[in-house]
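Reader: Hi! I'm in my first year and still learning to read protein models. Could you take me closely through one part of this one?

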Amino acid sequence: MKAVVHDTFGGPLEVRDVPDPTCPSDGVVIAVGATGVCRSDWHAWKGHDPVDLPHVPGHELAGTVAEVGADVTRWQVGDRVTVPFVCGCGRCELCLSGEAQVCPDQTQPGFTGPGSFAEQVAINAADANLVALPDAVGFVTAASLGCRFATAFRAVVAHGRLQSGQVLAVHGCGGVGLSAVMIGAALGAEVVAVDVSPAALARARELGATHLVDASSDPDPAATIRETTGGGAHVSLDALGSSATAVASVESLRRRGRHVQVGLLLGDAATPPLPMGRVVAHELELYGSHGMAAHEYPAMLALVEDGTLRPDLLVGCVIGLDGAGAALAAMDHPTTTAGMTVVEIGR
Ligand SMILES: [Zn+2]
Ligand SMILES: [Zn+2]
């Protein structure tokens, strides 16, 4: 089969012929229909995330089941599917209680093994991890759910428990932040978008944000949110991942509000100085969000199917496998407003 391969970290990303994947006994091989290009792939290519070389990137995929392992009971050849970027082992206590997104024995295509910048990809523990796609949801749209949209959905709906009429604040309007803005607006919330980029804020407004806070000129975005929303947000997300935005997100909450940390906090930002006195006095709730388990996808896909959620609007560009390497390398110079790139491989 054809796949995008790199032999060194940061080295050439070439389309070449590689052996077809071997089907795990508890897994499937998926013929990839479409796969998203994500900054996490860029980090792995650069060597920021340890992967075995040579490596095939790609973790945001949708496609058709092409081969089924002997121990798989729920899936057959021809099924249209997607998978979470975290695949649980399907056997541990967390997986069995529905929390595969934090499985200690998780696998991730494109990180722990070859990914979906390829005509085929193997997925472990298929009974636990595959998600059936409604006929009305195409592969490009399903791939665009990627890690960002699904993570934003879980952050807003499961952790945030956001209700119609409540206030959602979103700190950072990149891919995951804009997804959260769209999801919050679709749920009938009043959405406050915070970013330092006027273009990102303009995009947030197009996707349903009703209040915009420009953090490049506002010295205290959290205070502005509290003042303009009658006491603060019911739910606030740090969708960027920095000390400043994590703290601002917590400080922008009203009493009994819920902060969800979605952006990864790396390096010096790993231990932000959160105002724990305020957390106690106002009984705030703090959550981390790390993807979404397969069993939670049908509720989200139903909203995609009926048009309530439009992840396709976040797609900027659809390309072929030949262009995938260049699209990944282009993330050396990211632009927040260009939208997501999706690689279409088959139908
Ligand atoms: Zn597990
Ligand atoms: Zn991703």
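Author: Happy to help; what follows is a walk around the zinc sites, and then on to the surroundings of one of the helices.

Please keep in mind that this is a predicted model. Let's begin with the zinc ion called ligand 2. Which protein atoms are its donors? They are SG of C38, NE2 of H59, OE of E60 and SG of C147, lying 2.0 to 2.3 Å from the zinc ion. The angles among these four donor atoms run from 93 to 124°, and the site is tetrahedral. Along the sequence, the donor residues follow the spacing C-x20-H-E-x86-C. Two of them, E60 and C147, link distant parts of the chain, being 87 residues apart. You will find E60 in the loop between helix 1 (39–46) and strand 4 (61–68), while C147 sits in the loop between helix 4 and helix 5.

Are E60 and C147 buried or exposed? A residue counts as buried when its relative accessible area is under 20%. E60 has 1% relative accessibility, so it is buried. C147 has 13%, and therefore C147 counts as buried too.

Now compare the other zinc ion, ligand 1. Its protein donors are the SG atoms of C89, C92, C95 and C103, at 2.3 to 2.4 Å from the ion. Here the spacing along the chain reads C-x2-C-x2-C-x7-C. Why is this arrangement tetrahedral? It is tetrahedral because the four donor atoms around ligand 1 subtend angles of 103 to 115°. Among these cysteines, C95 and C103 are buried.

Back to helix 4 (139–145) and helix 5 (148–159), the two helices on either side of the loop that holds C147. Both belong to what covers the buried residues of helix 11, and so do strand 5 (80–82) and strand 7 (131–132). Helix 11 spans residues 297–305, and its buried residues are Y297, M300, L301 and V304. These residues cover an arc of only 100° around the axis, so they lie on the same side of helix 11. After helix 11 comes G307, with a positive phi near 85°.

M300 leads us to one last stop. In the largest nonpolar core, which has 50 residues, the members touching the most others are F149, L168, V181, L237 and M300. Apart from this core lies another, of 18 residues, including V5, V18, V37 and L328.

Conventions:
Residues are numbered from 1 along each chain as its sequence is written. Chains are lettered from A and ligands numbered from 1 in the order in which they are written. This is a predicted model: local features need pLDDT of at least 70, side-chain atom pairs count only at pLDDT 80 or more; totals for chains, interfaces and linings use all residues. Side-chain values use heavy atoms; hydrogens and water are left out. A nonpolar core is a set of buried Ala, Val, Leu, Ile, Met, Phe, Trp, Tyr and Cys residues joined through side-chain atoms within 4.5 Å. Buried means under 20% relative accessible area, exposed over 50%, partly exposed in between (1.4 Å probe, protein chains only). Donors are N, O and S atoms within 2.8 Å of the metal (3.2 Å for Na, K and Ca); water is not among the atoms, so sites may look incomplete. Four donors count as tetrahedral if all angles lie between 85 and 135 degrees; four count as square planar and six as octahedral if opposite donors are over 155 degrees apart and all others between 65 and 115; anything else is irregular. Helices (H or I, at least four residues) and strands (E, at least two) are DSSP runs, numbered from the N terminus. The arc is that of the directions from the helix axis to the C-beta atoms. Contact means heavy atoms within 4.5 Å.
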